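Q: I would like to learn how to read the surface of a model like this one, starting with its charges. Could you take me through it feature by feature?

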Amino acid sequence: NPFKIPPENEIFQLRDAERQRKKSDREQQRSLRVHEKTTYAHQMRARTLKARQPFGDTELDSTALEETQDQLIGQDDPLQLATRDRNVEKEDLASFVAKKREMFL
């Protein structure tokens, strides 16, 4: 069987190491200024960039990383795609309510 359950002390060590890493990340984020901090979405994008790395490569070179970021930035948001060609007309509240009343009756 290739899958072996690690010993209990190893599991606890991994858990403690993960807690320590998260704690140090939080402390580091606290010391940063607002413009230096990243949003949750940006952190998730960084994770997907790491996941897209070819297996065996430990680091992407800077040009490949920039190209991948440009590809992600160039992708259209689904909401933008859905509303791109729509002709949205502005109407005042009174005409909107009148239209809804007429539709309901």
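**Reading the surface and the helices**

A: Let us start with charge: Lys22, Lys23, Arg26, Arg47 and Lys50 together make up a positive patch on the surface. Two elements each give two or more residues to this patch, namely helix H1 (8-31) and helix H2 (40-51). Please keep in mind throughout that this is a predicted model.

Q: Which element gives the largest share of the positive patch?

A: The largest share comes from H1, which supplies three residues. Lysine 22 is a useful residue to look at, since its place is in helix H1, and with a relative accessibility of 45% lysine 22 counts as partly exposed.

Q: How should I read a nonpolar patch, and which residues form one on the surface here?

A: A patch takes in residues with over 30% relative accessible area and no salt bridge, and nonpolar side chains are joined within 5 Å. In this structure Leu93, Phe96 and Val97 form such a nonpolar patch, and together they have about 270 Å² of accessible area. Leucine 93 is found in helix H5, which covers residues 93-104, and leucine 93 is exposed because its relative accessible area is 65%.

Q: Of the twelve residues of H5, how many are buried?

A: The number buried is zero, so H5 lies largely in the open. As for its length, H5 reaches 16 Å from its first C-alpha to its last, which is close to the 16 Å expected at 1.5 Å a residue.

Q: What does the secondary structure of the whole chain come to, and what share of its residues is buried?

A: The chain has five helices and zero strands, so that, read from the N terminus on, its elements run α-α-α-α-α. A residue is called buried when its relative accessible area is under 20%, and buried residues make up 3% of the 105 residues in the chain. The accessible surface of the chain comes to about 10,600 Å², and 53% of that surface belongs to carbon and sulfur atoms.

Q: How do I recognise a salt bridge, and what is the count?

A: The idea is that a side-chain nitrogen of Lys or Arg lies within 4 Å of a carboxyl oxygen of Asp or Glu, and by this rule the count comes to four salt bridges. One of them pairs glutamate 18 with arginine 21, whose closest N and O atoms are 2.5 Å apart; both residues lie in helix H1, three residues apart, which is about one turn of the helix. Glutamate 18 is partly exposed at a relative accessible area of 33%, and arginine 21 is likewise partly exposed, at 41%.

Q: Which residue forms a salt bridge with glutamate 27, and is arginine 30 buried or exposed?

A: Glutamate 27 forms a salt bridge with arginine 30, with the closest N and O atoms 3.0 Å apart, and both residues lie in helix H1, three residues apart. Glutamate 27 is partly exposed, with a relative accessible area of 43%, whereas arginine 30 is exposed because its relative accessible area is 60%.

Q: What is the partner of glutamate 91, and which residues do shared salt-bridge partners join into one network?

A: Glutamate 91 forms a salt bridge with lysine 99, the closest N and O atoms being 3.5 Å apart. Glutamate 91 is partly exposed at 41%, and lysine 99 also counts as partly exposed, at 41% relative accessibility. Turning to the network, salt bridges that share partners join Glu18, Arg21 and Asp25.

Methods. Residues numbered from 1 in each chain as written. Predicted model: local features only at pLDDT ≥ 70, side-chain atom pairs only at ≥ 80, totals over all residues. Heavy atoms only, no water. Patch = residues over 30% accessible without salt bridge, like charges linked within 9 Å, V, L, I, M, F, W, Y side chains within 5 Å. Areas by Shrake-Rupley, 256 points an atom, 1.4 Å probe, with all protein chains shown as cover. Lys, Arg positive; Asp, Glu negative; His and termini not counted. Charge placed at Lys NZ, Arg CZ, Asp CG, Glu CD. Helix = DSSP H or I, 4+ residues; strand = E, 2+ residues; numbered from the N terminus. Buried < 20%, exposed > 50% of the residue type's maximum accessible area, 1.4 Å probe, protein only. Expected span 1.5 Å × (residues − 1).
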